[in-house]
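Biologist: I have a structure open and would like to learn how to read its pockets and charged pairs. Could you walk me through it?

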Amino acid sequence: MEDSNETRNYDNLEKTTDVEVQQIISLNKFIFLSIISFGAYELWWIYKAWRFFMQKDKLDIMPAVRTIFSLFFLNSLFDMILNFAKRTGYKARYSSTTLVILFFITNFLSKLPDPFWLIAVFSFVFIIPPFKALNFAKQNATNIIVDEETSFSGRQIALIIVGAIFWVLVVVGMANE
């Protein structure tokens, strides 16, 4: 028997555009992966969001470059997400500029001495509103196939293992000071 995601995917197959199947994860999974990876997962999410809009809107952009230079492009990404989400019935609002400023301020706190630099790990908090809006929009768009991941992928498991090792090293290093 097929689950509802597979049924939905087959139902929407003829409506797809040039957008690849969108893998989405829960908010709890996003938070966990962001913390365990010391924020690296946030960059992956930003890259995937840019890649999505490049495909959906047929933009002539390089998602990797926009991710690397997020300082200059993140505000426009958050605006694009909110506009797309509104068109699919999303009611919540957020200020892209405020979220971007707070995201970068929190990340710059990584320059603080031990243990205060750990505050930077919580920069994901300022990506949560766009994360929720994009998930909503993808799930409610009529021409996008969505696959909601219920378990961790192989890459995510590898990230968790590497991140856990780094967290152990951080804790041991801070305990030995």
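Modeller: Gladly. Keep in mind that this is a predicted model. Rolling a probe the size of a water molecule over the atoms shows where empty space is left. Here, the largest pocket has a volume of about 470 Å³.

Biologist: Which residues lie nearest the centre of the largest pocket?

Modeller: Look for Gln23, Tyr41, Trp44, Lys48 and Glu149, which lie nearest its centre among the 19 residues of the lining. At least two lining residues each come from strand 1 (22-24), helix 3 (40-56), helix 7 (128-140) and helix 8 (154-175).

Biologist: How do the residues of that lining divide into nonpolar, polar and charged?

Modeller: For the largest pocket, nine are nonpolar, five are polar and five are charged. You can then turn to the second largest pocket, with about 200 Å³ of space. Its lining has 14 residues, and Phe38, Gly39, Asn107, Ala120 and Ser123 are the closest to its centre. Helix 3 and helix 6 (96-108) are the elements that give two or more residues to this lining, and helix 6 has the largest share, with four residues. The lining of the second largest pocket divides into nine nonpolar residues, four polar and one charged.

Biologist: Now the charged pairs, please. How many salt bridges does the count come to?

Modeller: The general idea is that side chains of opposite charge can pair when their charged atoms come close. In this model the count comes to four salt bridges. One of them joins Glu20 and Arg51, whose closest N and O atoms are 3.0 Å apart. Glu20 sits in the loop between helix 1 (4-12) and strand 1, while Arg51 is in helix 3, so this pair ties together parts 31 residues apart in sequence.

Biologist: Are Glu20 and Arg51 buried or exposed?

Modeller: In between: Glu20 is partly exposed at 29% relative accessibility, and Arg51 is partly exposed at 25%.

Biologist: What about Glu149, which you named in the largest pocket?

Modeller: Glu149 forms a salt bridge with Lys29, with 3.9 Å between the closest N and O atoms. Glu149 is in the loop between strand 2 (146-148) and helix 8, and Lys29 is in helix 2 (residues 27-36), so the pair ties together parts that are 120 residues apart in sequence. Lys29 counts as buried, because its relative accessibility is 8% and the cut-off for buried is under 20%.

Biologist: Which residues do salt bridges with shared partners join into one network?

Modeller: Before that, note the pair Asp57 and Lys56, whose side chains meet at 2.6 Å, N to O. Asp57 is partly exposed, at 34% relative accessibility. As for the network, salt bridges that share partners join Glu20, Lys48 and Arg51.

Terms used
Residues numbered from 1 in each chain as written. Predicted model: local features only at pLDDT ≥ 70, side-chain atom pairs only at ≥ 80, totals over all residues. Heavy atoms only, no water. 1 Å grid on protein atoms, 1.4 Å probe; cavity = no way out; pocket = protein on both sides within 12 Å on 5 of 7 lines; lining within 4 Å. Points joined across faces, edges and corners; volume = space filled by probe spheres on them. Nonpolar A, V, L, I, M, F, W, Y, C, P; charged D, E, K, R; others polar. Buried < 20%, exposed > 50% of the residue type's maximum accessible area, 1.4 Å probe, protein only.
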